[in-house]
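Work through the exercises below with the sequence and the 3D structure at hand, and try each task before reading its solution.

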Amino acid sequence: MLAMKETCEKCTSSLLPTGTAYICSYECTFCESCNEDELKEVCPNCNGNLVLRPKRIEKPK
Ligand SMILES: [Zn+2]
Ligand SMILES: [Zn+2]
């Protein structure tokens, strides 16, 4: 299962599983503002492309 990292790897701001975040195929995780301002959909760690992370909505119990 996809690891849902809770912080941006660049600015360390917290990310909610239900909020907007960007990931690469190695699960490097970044917030929306880092992506828009600097990364431009390219992962700075592995040069892969960043895509919108699927939101994880808790399953009803
Ligand atoms: Zn960030
Ligand atoms: Zn990466």
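The exercises that follow concern a predicted model, and they go from the overall fold to single residues.

**Exercise 1. Determine which elements the chain has, and in what order they run from the N terminus.**

Solution. Begin by counting the elements: the chain has one helix and three strands. Then follow the chain from the N terminus on, and the elements run β-β-α-β. The two strands β1 (21–23) and β2 (29–31) can be located in this way, and so can α1 (32–39) and β3 (51–52).

**Exercise 2. Work out how the strands are arranged in the sheet, and why one side of β2 and of β3 is left without a neighbour.**

Solution. As a reminder, strands of a sheet pair through backbone hydrogen bonds, either parallel or antiparallel. In this model the three strands form an open sheet in the order β2-β1-β3, and the pairing is antiparallel. Because β2 and β3 stand at the edges and each has a single partner strand, one side of each lacks a neighbour in the sheet. Now look at one pair in detail: β1 and β3 pair in the antiparallel sense over two bridges, and Tyr22 has Leu52 in β3 as its bridge partner. Finally, place the helix, which lies across β1 and β2 and runs at about 85 degrees to β2.

**Exercise 3. Find which residues make up the largest nonpolar core, and which strand gives the largest share of this core.**

Solution. The general expectation is that, in soluble globular proteins, nonpolar side chains tend to be buried together. Here the largest nonpolar core has ten residues, namely Cys8, Leu15, Ala21, Tyr22, Ile23, Cys24, Phe30, Cys31, Cys43 and Leu50. Next, ask where they come from: β1 and β2 each supply at least two of the core residues, and the largest share, three residues, comes from β1. One member, Tyr22, is in contact with Phe30, Glu32, Asn35, Leu50, Val51, Leu52 and Arg53, when its neighbours within four places in sequence are left aside.

**Exercise 4. Decide whether Cys24, Thr12 and Asn47 are buried or exposed.**

Solution. The cut-offs needed are these: a residue is buried if 20 or more other C-beta atoms lie within 10 Å of its own, and exposed if 12 or fewer do. Take Cys24 to begin with, which lies in the loop between β1 and β2; it counts as buried because it has 20 C-beta neighbours inside 10 Å. Not counting residues up to four places away in sequence, Cys24 touches Cys43, Cys46, Gly48, Asn49 and Leu50. Turn next to Thr12, in the segment before β1, which has 9 other C-beta atoms within 10 Å and is therefore exposed. Asn47, in the loop between α1 and β3, has 8 such atoms within 10 Å, so Asn47 is exposed. Both backbones deserve a second look, since Thr12 has a positive phi of about 60 degrees although it is not a glycine, and Asn47, also not a glycine, has a positive phi of about 65 degrees.

**Exercise 5. Judge how the radius of gyration of the chain agrees with that of a compact globule.**

Solution. For 61 residues, a compact globule would have a radius of gyration near 10 Å, and the chain has 11 Å, which agrees. Along its principal axes the C-alpha trace spans about 40 × 20 × 15 Å. To complete the picture, buried residues make up 20% of the 61 residues.

Notes:
Residues numbered from 1 in each chain as written. Chains lettered and ligands numbered in written order. Predicted model: local features only at pLDDT ≥ 70, side-chain atom pairs only at ≥ 80, totals over all residues. Core = buried A, V, L, I, M, F, W, Y, C linked by C-beta atoms within 7 Å. Helix = DSSP H or I, 4+ residues; strand = E, 2+ residues; numbered from the N terminus. Contact = placed C-beta atoms within 7 Å. Rg over C-alpha atoms; globule rule 2.2 N^0.38 Å. Pairing = 2+ DSSP bridges. Axes fitted to C-alpha atoms, helices over the stretch in contact; angles between N-to-C directions.
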